[in-house]
Amino acid sequence: MQFDIRRFDIYRKVPKDLTQPTQAGAIISILSALVMIFLFLSEFYSFITPEIVSELFVDMAGSSKERMKTSLNLTLPRLKCDFVGLDIQDEMGRHEVGFQENTQKWEINGGEGCTFQGRFEINKVPGNFHVSTHGAGQQPDTVDMAHVIDGLRFGDDIHLENIDAAFVSLSNLNKEESNGISSHDYVLRVVPTIYEKLDGTKLYSFQYTWAYKDYISYGHGGRVMPAIWFRYDLSPITVKYVERRKPFYHFITTVFAIVGGTFTVAGIIDSLLFTASELFKKFQLGKLT
């Protein structure tokens, strides 16, 4: 007896002359094809677009370098650039007055105001940095620390449009209408953040929240010594964002589900419509018993 592999065919074919095309079946077939194309394109876009997964952990060894890069941009509309300086302090004993490395100043308002920009590194321990006149060779008669914070950022510059992150919480903050002799205190809670790309590249940044108060500070001899303070402390919790792409087998499985599910549902709808149509014809002919 000759072996015939066709006996394993579970997709038995019906002769074409035994099938009957219908208008409803054609419409359902076209709609089914459109639905499958739409679902396939949606799933393909989802497959090629990385998803971002976040996790929290306590980083005992330190998530990056011992220092974190800091970028500060602010405008003081009523204080001359000659008197503006940056001071840095922390609990490791660092105390720098009039820090100048990678700092720039531009005169505004006809030389009566100043825009300050600084790029510097701070130790990953509690401390502060502040803008003041402490490092000026000669103190002005009056010091007005009214200001606008254009931006404050720690660590690498990360742009994440699809997650809610606080990398630049202090941005476009206007304190121009504040009391001119007041000191301004920003208390920052800094959270280390790691962003890992698909290729394994890691960016180290820091999110932060802040609280604010203003007060009048007196120096030696009862002289008012206003400043803009940024006091920071680091959280022991690290946030990690990881870019991930869905596995290819997941994409193929979903495509098969789309094709098979749409085909099956469309077949059921077509069968119901065809059966209803045949019953209606029999009812019209009086053959329905």
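## From strand β7 to the whole chain

Asn128 lies in strand β7. The model in which this residue is seen is a predicted one. Is Asn128 buried or exposed? With a relative accessibility of 10%, Asn128 counts as buried, because the cut-off for that class is under 20%. The side chain of Asn128 has a polar partner: a polar contact of 2.9 Å joins it to the side chain of His130. When neighbours within four places in sequence are set aside, Asn128 is in contact with two stretches of the chain, namely Asp87, Ile88 and Gln89, together with Trp229, Phe230, Arg231 and Tyr232.

Phe230, one of these contacts of Asn128, also has a part in the nonpolar interior. Which residues of the largest nonpolar core touch the most other members? This core has 34 residues, and the ones that touch the most other members are Phe129, Phe154, Leu188 and Phe230. Two or more residues of the core are supplied by each of the strands β2 (67–76), β3 (85–90), β6 (113–123), β7 (127–132), β8 (147–155), β10 (183–196), β11 (202–215) and β12 (228–234). Apart from this core there is a second, separate one of 6 residues, whose members include Leu160, Phe167, Val239 and Tyr241.

Strand β10 offers another buried polar residue. Ser183 lies in that strand, and its relative accessible area is 0%, so it is classed as buried. A polar atom of the Ser183 side chain lies 3.1 Å from the backbone nitrogen of Ala227. Ala227 also appears among the contacts of Ser183 beyond four places in sequence; the others are Lys213, Asp214, Tyr215, Ser217, Met225 and Pro226.

Pro226 and Ala227 lead on to Met145, which is in contact with both of them. Where is Met145 placed? Met145 belongs to the loop between β7 and β8. Although in a loop, Met145 is buried, with a relative accessible area of 0%. Once neighbours within four places are left aside, its contacts come from several parts of the sequence: Leu76 and Leu79, then Val131, Ser132 and Thr133, then Gly180, Ser182 and His184, and finally Pro226, Ala227 and Ile228. By contrast, Ala166, 21 residues from Met145 in sequence, is 26 Å away from it in space, C-alpha to C-alpha.

Two exposed loop residues may be set against these buried ones. Most residues other than glycine have a negative phi. Asn102 is not a glycine, yet its phi is positive, about 55°. Asn102 is found in the loop between β4 (95–99) and β5 (103–108), and at 51% relative accessibility it counts as exposed, because the cut-off for that class is over 50%.

Asn172 likewise has a positive phi of about 55° and is not a glycine. The loop between β8 and β9 (173–175) holds Asn172, which is exposed, with a relative accessible area of 62%. How far apart are the C-alpha atoms of Asn172 and Gly151? They are separated by 6.6 Å, while the two residues are 21 positions apart along the chain. Beyond residues up to four places away in sequence, Asn172 touches Ile149 and Asp150.

The view can now be widened to the whole protein chain. The chain has 2 helices and 13 strands. It is divided into domain 1, made up of 22–48 and 247–285, and domain 2, which covers 56–244. The C-alpha centres of the two domains lie 59 Å apart. Along the principal axes, the C-alpha atoms fill a box of roughly 110 × 50 × 30 Å. A compact globule of 289 residues would have a radius of gyration near 19 Å, whereas this chain has 35 Å.

What share of the 289 residues is buried? Buried residues make up 35% of them. The chain exposes about 18,300 Å², of which carbon and sulfur atoms supply 58%. Among contacts with a separation of 6 or more, 79% are between residues 24 or more positions apart. The contacts of Met145 with Leu76 and with Ile228 show such pairings in detail.

Note on methods
Residues are numbered from 1 along each chain as its sequence is written. This is a predicted model: local features need pLDDT of at least 70, side-chain atom pairs count only at pLDDT 80 or more; totals for chains, interfaces and linings use all residues. Side-chain values use heavy atoms; hydrogens and water are left out. A nonpolar core is a set of buried Ala, Val, Leu, Ile, Met, Phe, Trp, Tyr and Cys residues joined through side-chain atoms within 4.5 Å. Buried means under 20% relative accessible area, exposed over 50%, partly exposed in between (1.4 Å probe, protein chains only). Helices (H or I, at least four residues) and strands (E, at least two) are DSSP runs, numbered from the N terminus. Domain bounds come from an automatic or database domain assignment. The radius of gyration is taken over C-alpha atoms; the globule rule is 2.2 Å times the number of residues to the power 0.38. Contact means heavy atoms within 4.5 Å. Accessible areas come from the Shrake-Rupley method with a 1.4 Å probe; for residues, only the protein chains shown count as cover. A polar contact is a pair of N or O atoms within 3.5 Å; within protein, one must be able to donate a hydrogen and the other to accept it, and residues adjacent in sequence count only if both atoms are side-chain atoms.
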